[in-house]
Amino acid sequence: MTYANISQNEYGEKIKKSSLITLGVVLFLIFIKAFAYFATGSIIILSLLADSFFDLIITLTTFTLVRISLKKNTNEYRFGYGKAEALSAFIEGIVILLISIFVLYMAYQNFIDPEITIINSEIALIVIAISIFATLMLVRFQTRIMKDTASLSVESEKLHYLSDLLTNIAAFVGIMLVMFADFSRADPLIAALISIYMIYTTIAIFQKSIAVLIDREIDDDLKSEIFDIVKSHNKVLGFHDVRTRQSGSSKGKFFMQMHIEVSEHVSLEESHNIADQVEENILNKFPDAEIILHVDPSNVIEEKEFVDA
């Protein structure tokens, strides 16, 4: 697993660029889908329009809260504002859930009393095709940004827009069924399936955001990389009582405290130097991490709350 090794300033600029481009694409999609909905009255188009409004709220919320999360520590917030990004994701999940339930209700009403046909259905097909192309280009751009930053928010947005591709393709099929197979209930049925899928996507969003908000440990793969760095120092005999938590922003931005064990024959000054060297080695790999190390002589027997190695 790889993690971004860029400064917070570079990270912030790339996330800002990603948010602005995403915002432009979303506003364009809202405009053409709103036009298509008023021209066709299709419940499928309404579900896609609702999804784009949700995208707009997410993009604006993410842009605002990620910028807050990048602010430097203050006397009042000495651990920084990293959790603001997780809060953004949690709010996104709530918005998805509410909009999806609304569209699901509209689809149910239209399924009970379906329209005979969709007027101007050619317009709907053209708009959906444009939406598929624009979303595909956006996902490709976000993939590049994610590789550069390892951002949790960009990763979440990319996964969402990948799901948008599926929903747009499903909508295209639904309109085709109404046009050529005279299956009028395909419109609300496809809209309902899209809404149910959107509700399903909120599960992962809630899980990731809540994990950060309640200080879940960082990924095991990331911890393994850190442990390898610590064990590579020839004067570190062991370690224990490791505590970590994600700080938001990117996967490489986290807090960690650890007890390292050194020989009881090492002086206080040398112990301090060993701790500094271990910390420097970790920061060379993860420059945005915050590390606190406590040194224990190896002959002191104490109760170890957490043993990772």
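The structure, a predicted model, holds 1 cavity of 30 Å³ or more. A cavity here is a set of points on a 1 Å grid over the protein atoms alone where a 1.4 Å probe fits but cannot get out. The largest cavity has about 60 Å³ of space, a volume being the space filled by probe spheres set on the grid points, which are joined across faces, edges and corners. Local features need pLDDT of at least 70, side-chain atom pairs count only at pLDDT 80 or more, and totals for chains, interfaces and linings use all residues. Residues are numbered from 1 along each chain, and side-chain values use heavy atoms, without hydrogens and water.

Lining residues, which have an atom within 4 Å of a point, are Asp55, Ile58, Thr59, Glu92, Ser156, Glu157, His160 and Tyr161 for the largest cavity. Helix H2 (43-69) and helix H5 (152-180) each give two or more residues to this lining; the largest share, 4 residues, comes from H5. Helices are DSSP runs of H or I with at least four residues, strands are runs of E with at least two, and both are numbered from the N terminus.

| Class in the lining of the largest cavity | Count |
|---|---|
| nonpolar (Ala, Val, Leu, Ile, Met, Phe, Trp, Tyr, Cys, Pro) | 2 residues |
| polar (the others, Gly among them) | 3 residues |
| charged (Asp, Glu, Lys, Arg) | 3 residues |

In helix H8 (residues 268-285), Ser271, Ile274, Ala275, Val278 and Ile282 are buried (under 20% relative accessible area, 1.4 Å probe, protein chains only). The buried residues of H8 line one face of the helix, because they fall within an arc of 95° seen down its axis, taken from the directions from the helix axis to the C-beta atoms. On the other side of H8, Glu269 and Asn284 are exposed (over 50%). The buried residues pack against helix H7 (220-231), strand E2 (254-262) and strand E3 (290-297), with contact meaning heavy atoms within 4.5 Å.

Notes. On a 1 Å grid over the protein atoms alone, a cavity is a set of points where a 1.4 Å probe fits but cannot get out, and a pocket is an open set with protein on both sides within 12 Å along at least five of seven lines; lining residues have an atom within 4 Å of a point.
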